[in-house]
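I opened the notebook to look up one residue first, then the domain contact, then the contacts between chains. The entries follow in that order.

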Number of protein chains: 4
Amino acid sequence: MNKKFDSKPKLQSLVEQFNDVRAQTLTLTQKLSDADATVQSMEDASPAKWHLAHTTWFFETLILCEYLDGYTVFDKRYPFLFNSYYETLGKRHPRPQRGMLTRPCLDEILNYRSYVDDAMETLLSRSSKVDFLPLVELGLNHEQQHQELLLTDILHLFAQNPIKPEFRPAIPLPVQNLALPALNWIEFEGGLEKFGHTGEGFAFDAEGPIHQQYVAPFKIASRCVTNAEWIEFIEAGGYETATLWLSDGWATAQTEGWDAPLYWEKKDGAWWSMTLRGFQPIDLDAPVTHISYFEADAYAHFKGSRLPSEYEWEHASRSQPLEGNMLETNRLRPAPATGEGISQLFGDVWEWTQSPFSPYPGFKPAHGAIGEYNGKFMSGQQILRGGSCVTPPNHIRATYRNFFHPQKRWQFSGLRLAEDL
Amino acid sequence: MNKKFDSKPKLQSLVEQFNDVRAQTLTLTQKLSDADATVQSMEDASPAKWHLAHTTWFFETLILCEYLDGYTVFDKRYPFLFNSYYETLGKRHPRPQRGMLTRPCLDEILNYRSYVDDAMETLLSRSSKVDFLPLVELGLNHEQQHQELLLTDILHLFAQNPIKPEFRPAIPLPVQNLALPALNWIEFEGGLEKFGHTGEGFAFDAEGPIHQQYVAPFKIASRCVTNAEWIEFIEAGGYETATLWLSDGWATAQTEGWDAPLYWEKKDGAWWSMTLRGFQPIDLDAPVTHISYFEADAYAHFKGSRLPSEYEWEHASRSQPLEGNMLETNRLRPAPATGEGISQLFGDVWEWTQSPFSPYPGFKPAHGAIGEYNGKFMSGQQILRGGSCVTPPNHIRATYRNFFHPQKRWQFSGLRLAEDL
Amino acid sequence: MNKKFDSKPKLQSLVEQFNDVRAQTLTLTQKLSDADATVQSMEDASPAKWHLAHTTWFFETLILCEYLDGYTVFDKRYPFLFNSYYETLGKRHPRPQRGMLTRPCLDEILNYRSYVDDAMETLLSRSSKVDFLPLVELGLNHEQQHQELLLTDILHLFAQNPIKPEFRPAIPLPVQNLALPALNWIEFEGGLEKFGHTGEGFAFDAEGPIHQQYVAPFKIASRCVTNAEWIEFIEAGGYETATLWLSDGWATAQTEGWDAPLYWEKKDGAWWSMTLRGFQPIDLDAPVTHISYFEADAYAHFKGSRLPSEYEWEHASRSQPLEGNMLETNRLRPAPATGEGISQLFGDVWEWTQSPFSPYPGFKPAHGAIGEYNGKFMSGQQILRGGSCVTPPNHIRATYRNFFHPQKRWQFSGLRLAEDL
Amino acid sequence: MNKKFDSKPKLQSLVEQFNDVRAQTLTLTQKLSDADATVQSMEDASPAKWHLAHTTWFFETLILCEYLDGYTVFDKRYPFLFNSYYETLGKRHPRPQRGMLTRPCLDEILNYRSYVDDAMETLLSRSSKVDFLPLVELGLNHEQQHQELLLTDILHLFAQNPIKPEFRPAIPLPVQNLALPALNWIEFEGGLEKFGHTGEGFAFDAEGPIHQQYVAPFKIASRCVTNAEWIEFIEAGGYETATLWLSDGWATAQTEGWDAPLYWEKKDGAWWSMTLRGFQPIDLDAPVTHISYFEADAYAHFKGSRLPSEYEWEHASRSQPLEGNMLETNRLRPAPATGEGISQLFGDVWEWTQSPFSPYPGFKPAHGAIGEYNGKFMSGQQILRGGSCVTPPNHIRATYRNFFHPQKRWQFSGLRLAEDL
């Protein structure tokens with residue numbers, strides 16, 4: 001969770017934000033059946049119902065129980081069921097068992113949300129005390145993270161089903177009259193610079209503190225690696241060439257039998273993929289996605305190139321506008337790059353970096369439950385930057401540090417190349 | 001499946017039976033939500049929705065597609081989804097993935113049932129050809145097996161849920177004014193006798209052929225082992241005494257951490273258990289259930305006794321009336337024995353025997369898909385006899401051979417002791 | 001262990017037998033290095049050094065400590081290290097860790113053997129008390145069982161080594177001028193007969209008590225299934241045809257990737273196999289060996305036949321001479337059948353039967369440690385009969401019941417077909 | 001392997017070094033039996049015989065086969081058996097199977113060493129061509145790494161044995177008259193500095209290239225954390241307090257049941273530990289060792305402190321003398337700190353840093369087999385610095401980057417605390 005830096009959320013804008021974010025979550029789950037919302041398709045994923053309840057539990061436990069006098073919890077069994085991983089906040093239902101909860105049903109969880117939303121409205125309408133406002137802001141950013149997870153988890157669930165349901169109706173992709181712009185390399189001089197969140201607006205704790213870091217001169221690709229380029233890698237035997245791979249990566253690829261990105265299937269000689277819009281032909285010009293860090297690194301090796309460090313990525317991105325193909329486009333798939341300059345930094349796919357998730361110099365986790373938010377995950381995971389096609393647009397920024405284990409593939413994860421100058 | 005022996009089902013009674021059995025399945029699933037009917041709680045169990053569809057697929061594939069001219073399958077993707085294990089009938093969805101099928105939803109499966117029922121009504125109303133009638137009879141017996149499995153699977157699912165849902169409302173157990181009758185030993189002389197199904201009415205293929213077997217003089221307990229007696233076993237250290245156990249049983253008990261029957265929990269010093277009527281105190285006089293063969297055998301060893309062979313059981317039961325606490329009582333839990341004679345042979349709990357599931361002398365599986373029904377399971381499993389509190393009463397008989405692997409506990413399985421004379 | 005029936009071993013012959021059996025074990029291990037004797041190649045197998053020590057521990061613990069006044073154990077750490085599975089006799093080193101014991105070294109174990117042999121000589125020379133003699137006889141039969149295991153375990157170890165060491169020098173097989181006799185079927189009328197050990201000479205407890213069993217008329221093959229016949233099964237797709245297999249067998253075959261018997265490898269289009277005489281071409285006329293019960297059953301199914309029951313096997317064998325290709329021939333591989341009558345019943349390969357290992361009617365295990373010898377293995381295992389090419393010839397008899405889990409393949413296990421008449 | 005930087009080894013000193021290093025390996029294995037040298041106690045460890053052969057294979061394959069005209073490989077099966085992980089150099093025996101190689105026996109491997117040493121002597125005596133000298137230097141450094149691994153692997157093997165063999169005789173620890181010096185904090189100003197190997201003498205490729213890095217002001221502990229301090233952590237419930245641990249660390253600790261460092265056992269209320277000098281009481285003032293990164297990090301958290309980064313460690317160490325308790329002391333155990341200044345940087349225990357093993361800016365692996373030496377391990381591992389009590393003293397330097405997965409404990413790994421200024 002956040003150390004809050006200097007974030008001082010304004011009450012009024014926070015009330016609006018609260019309504020927007022909470023409504024957005026409901027919009028995303030609107031077409032899901034009770035069963036869709038209940039099943040857990042793997043240990044990494046959580047049921048949609050669980051996401052709906054857990055984000056609500058967060059407001060109830062950390063804010064309402066502490067700050068709203070006379071608040072009564074909706075159901076005293078829920079804290080056990082919907083705590084995720086906060087050791088500080090007591091025992092909890094084991095993660096791999098989340099999909100066993102056919103009860104409470106989806107409607108009861110929606111009632112839970114209404115109940116908590118009403119109580120939050122009451123609390124937020126009492127303007128006298130505002131020291132909980134940073135927690136509200138944190139809760140909303142937390143919920144936005146779960147919006148993205150909810151979508152990637154539903155995609156994973158639907159991908160297990162031989163009848164391949166559509167989360168949203170398949171729409172014909174816009175005819176791509178525009179040729180994909182050529183890949184350019186953008187050069188940066190680097191130097192000793194400050195990194196991390198500057199203190200205005202919200203940020204998670206792991207984005208700080210601001211600190212100096214030396215970055216050597218480098219260049220970075222103008223766009224992400226595309227599906228067409230990835231098919232070249234496949235056809236050149238990339239998945240069968242051990243020397244391209246990290247040792248742990250090669251072992252994983254063999255054990256798991258990887259020969260293409262997650263969700264890819266060959267059908268009548270052409271590659272198709274499961275998407276949130278059903279089973280679709282691969283869009284050759286769009287960024288490759290659903291690849292692990294191990295695959296991204298092997299590809300970079302194959303190209304005689306490398307992945308950027310997170311410092312390089314942040315250095316290259318900090319002056320760029322915060323715009324791209326994100327959740328609000330409702331495309332729900334990565335889109336081809338356009339324009340000649342550097343593009344696709346925000347949205348489309350999270351970009352694997354060569355930086356492991358480590359504490360920034362001077363980082364100390366907060367005390368209590370919110371201290372468990374990020375710090376305890378700082379081993380064995382790899383930083384991704386820039387957001388994806390299912391990231392809420394007001395959730396991302398140049399300093400945002402996402403992280404996953406290097407073998408994970410169910411997020412919208414892709415890559416962009418970099419090289420030394 | 002059945003070799004049919006001499007079973008010649010009558011058309012009229014079969015039509016009635018068809019309506020009854022199919023309606024009964026629906027009754028059992030009436031209170032289940034879409035999510036309840038979808039989740040698979042372990043590899044051994046199947047979702048209720050799957051049971052509903054698979055039993056329907058059986059009629060569609062083996063009867064309608066073969067015998068009803070012009071029949072069109074309801075959905076051509078279903079045979080892949082709802083075939084259980086018939087290698088002869090093509091590829092199928094992997095068993096451990098059955099719980100991933102949030103679509104088709106429960107309502108669609110109910111439509112599937114109606115569609116197939118209508119087609120079956122059409123077929124059965126055409127009286128000219130009747131050579132498929134034995135298959136109808138088989139299909140109904142097959143569906144009754146799945147009625148029992150559906151209930152044991154739902155119990156397993158609900159038992160995983162910390163809020164412990166009730167499948168049917170908890171009702172106060174009838175006050176047990178009657179003292180539990182004392183345990184008597186009933187003696188039998190044995191001899192060289194015929195065993196197996198005699199050929200009247202329906203039976204599964206593994207119940208035949210009739211064959212001679214010599215049974216030495218033995219005695220058998222008048223009732224099943226009770227929960228109170230099982231608690232004595234626990235308190236005497238039965239679960240910690242390796243020398244009471246079969247070698248594979250002890251290894252399993254250690255790996256799984258068994259210290260009581262499945263679903264038992266100690267609460268404020270007393271034993272409780274999850275049941276189809278919710279979380280309930282143990283009924284001390286009722287037969288113990290949800291125990292493995294390994295536990296049953298260890299208990300018998302503890303008592304200096306043994307389990308009966310399936311021949312002894314059949315010998316003792318063949319003259320007894322086919323009555324007991326079965327599905328029609330709607331109790332859904334085993335009940336204490338009453339009366340002085342031999343009791344509880346049918347219903348209450350399936351009784352583990354010391355007989356492995358082997359082919360009877362002269363047994364040959366049928367050709368084609370129905371030949372896969374029983375024969376291919378004749379290794380590593382143990383025979384249980386007599387039906388349980390959730391067995392449909394017209395489904396059981398003295399020659400019925402049920403079988404499960406010796407470590408399985410989620411069925412209503414219990415035991416009755418026997419000894420040599 | 002044995003219930004002893006009426007076995008009354010004579011002192012003098014037992015002394016000779018003791019010397020012979022103990023010397024034979026040493027002969028078998030003569031060419032093994034310290035490392036050969038130490039490594040454990042899988043959990044089922046034990047190091048040769050462990051076999052040497054465990055058989056010695058048996059005499060020390062059950063006889064010397066009890067019957068030889070003033071006996072001092074050789075090393076007080078050994079009972080923990082070399083107890084196999086006797087819960088009654090205290091804690092022991094975990095089976096999968098047996099290969100970690102690089103110390104005590106082989107020479108120390110040989111000293112241990114000498115020390116115990118000397119003490120046994122002392123004990124046996126004091127003729128006054130003889131109530132331990134049945135235990136000596138049991139210990140020697142126990143050691144003979146371990147002689148066979150020692151060889152199968154060494155073969156398994158050497159088969160893991162890419163340089164494929166020879167246990168004994170490869171010798172050219174005798175030129176097989178004699179054509180393999182045609183397969184005949186020998187018919188038996190069956191009837192109600194007595195089975196089990198008759199009470200003269202030594203037998204293990206599970207071979208009794210004598211009891212009546214009805215056997216229906218049957219016929220049995222005159223010889224075992226050969227390697228040439230097995231290759232037909234392979235080439236006919238036997239390993240890819242699910243409908244031939246038991247359900248558990250098919251699952252095992254898929255998981256383990258079986259496509260031929262254990263140790264078989266194809267080299268330049270011909271089948272070779274690892275043997276105790278090194279890597280050798282398959283002897284086409286010899287019985288197939290190193291197959292599981294699951295494979296044996298699938299083969300029988302493929303031939304429209306079946307495996308014999310253990311009663312049928314015993315019925316067919318009881319009048320046959322106790323002779324065959326066993327350990328004393330030092331061939332160490334199965335040999336082709338000769339002659340026209342029933343052959344290969346004893347020696348060559350253990351023959352899988354369709355009988356699970358169950359207690360005979362009236363069987364009760366002995367009290368104490370020796371009661372753990374057989375009874376606790378009576379679940380999930382399958383009976384094999386007749387001994388193999390590495391069974392000591394004075395160890396086998398028509399009533400001998402060997403047993404292994406149905407998926408095991410490292411013993412010299414093969415099959416002979418049977419059919420109903 | 002090394003990029004060689006500017007290393008230009010002199011022929012004469014290299015010949016001496018070759019003789020020394022090769023002799024040292026033999027000295028270490030002198031007291032091992034054939035069995036000791038053969039068994040593999042876990043997948044991470046290798047048999048001593050394998051270390052002896054693999055280091056020899058390195059010279060044979062990379063140098064003799066390439067540079068010595070007319071060289072004949074000792075045994076053409078060995079390259080398959082003794083290649084470790086070089087995909088470039090062909091297929092190899094699977095790592096987990098290394099312990100199955102009872103043949104070739106230890107003596108044959110010693111012959112292999114002599115044969116290769118003779119050929120190396122021949123090659124090195126021909127002074128005309130010297131372009132292979134960097135490979136000789138690499139081979140010797142490679143062998144020194146395996147000297148340390150050989151000792152940690154033997155310790156692991158002996159620790160599995162209930163009789164707890166001594167690798168070297170137990171000697172009474174020197175009476176510790178000197179009180180352990182108090183823990184001091186040494187402060188450093190940091191700044192933008194150059195890091196990595198400077199180019200004189202040998203270094204592995206991952207130690208370069210030299211590059212700038214900014215280090216913020218910090219302080220570092222004058223000595224390593226001691227066993228006495230670790231016992232405080234245990235007694236304060238450190239192993240039961242989830243909030244102290246990294247998330248992956250806590251999961252590992254629970255799964256593995258950690259409650260003390262590897263090899264620790266409580267005996268009559270006091271802690272003992274398996275060592276290369278047998279089972280010994282814990283030396284309270286000596287550095288704790290055989291801990292994972294996860295434990296080190298939890299301890300730092302417990303103390304409100306943190307681990308140093310590898311840059312901080314290198315910054316603090318570069319001016320310190322290269323001396324300490326290493327392999328040449330033959331103590332084979334960590335020793336208590338002495339003196340008031342910063343101590344124990346070199347030798348005693350490898351010190352976990354908070355830096356994951358990542359490529360230095362500008363790092364590119366070499367082409368061919370030697371490019372596989374380090375680069376492919378740059379994911380999921382953590383940097384350790386400074387060498388241990390079993391590191392050859394001329395093998396270590398301030399820039400040396402050792403790395404292991406964060407859950408590994410069988411190395412002599414410990415920790416030193418650091419804090420921000």
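Entry 1, a histidine in a loop. I looked up A:H197 in the predicted model and found this residue in the loop between β2 (191-195) and β3 (211-215) of chain A. Is A:H197 buried or exposed? I noted a relative accessible area of 7% for A:H197, so I entered this residue as buried, the cut-off being under 20%. For the side chain of A:H197 I then searched for a polar partner, and I recorded that one of its polar atoms lies 3.2 Å from the backbone oxygen of A:E200.

Entry 2, the two domains of chain A. I took the bounds from the domain assignment, which gives domain 1 (3-159) and domain 2 (185-420) for chain A, and I noted that the C-alpha centres of these two domains lie 27 Å apart. In the contact between them I found 33 residues of domain 1 of chain A and 36 residues of domain 2 of chain A. The size of an interface is often given as the accessible area lost when the parts come together, so I looked that value up next. Domain 1 and domain 2 of chain A bury about 3100 Å² between them, with 64% of it on carbon and sulfur atoms.

How many salt bridges cross the interface of domain 1 of chain A and domain 2 of chain A? I found 1 salt bridge by the rule, and I wrote down that A:K408 forms a salt bridge with A:D44, with 2.7 Å between the closest N and O atoms. For the same interface I also entered 11 residue pairs in polar contact. On the domain 1 side that touches domain 2 of chain A, I listed α1 (11-29), α2 (48-67) and α5 (133-159) as each supplying at least two residues, and I noted that α5(A) gives the most, with 18 residues. By class, I split the residues of that side into 16 nonpolar, 10 polar and 7 charged.

Entry 3, chain A with chain D. I found that this contact takes 30 residues from chain A and 30 residues from chain D, and that the two chains bury about 2400 Å² between them, 54% of it on carbon and sulfur atoms. My count of salt bridges between chain A and chain D is 0, whereas I entered 7 residue pairs in polar contact across their interface. For the side of chain A that touches chain D, I listed β3, α7 (247-256), α8 (293-302) and β8 (350-356) of chain A as the elements that give two or more residues.

Entry 4, chain A with chain B. Here I found 27 residues of chain A in contact with 27 residues of chain B, and I noted a buried area of about 2200 Å², 62% of it on carbon and sulfur atoms. Which residues of chain A lose the most area to chain B? I recorded A:M100, A:R103 and A:I163, which together make up 30% of what that side buries. I entered 2 salt bridges across the interface of chain A and chain B, one of them joining the side chains of A:D36 and B:R103 at 2.5 Å, N to O.

Entry 5, pairs without contact. I checked chain A against chain C and found no contact, their closest C-alpha atoms lying 14 Å apart. For chain B and chain D I likewise wrote that they do not touch, with 14 Å between their nearest C-alpha atoms.

Key. Residues numbered from 1 in each chain as written. Chains lettered and ligands numbered in written order. Predicted model: local features only at pLDDT ≥ 70, side-chain atom pairs only at ≥ 80, totals over all residues. Heavy atoms only, no water. Domains from an automatic or database assignment. Contact = heavy atoms within 4.5 Å. Buried area = accessible area lost by both parts, 1.4 Å probe. Salt bridge = Lys/Arg side-chain N within 4 Å of Asp/Glu carboxyl O. Polar contact = N/O pair within 3.5 Å; in protein donor to acceptor, adjacent residues only side chain to side chain. Helix = DSSP H or I, 4+ residues; strand = E, 2+ residues; numbered from the N terminus. Nonpolar A, V, L, I, M, F, W, Y, C, P; charged D, E, K, R; others polar. Buried < 20%, exposed > 50% of the residue type's maximum accessible area, 1.4 Å probe, protein only.
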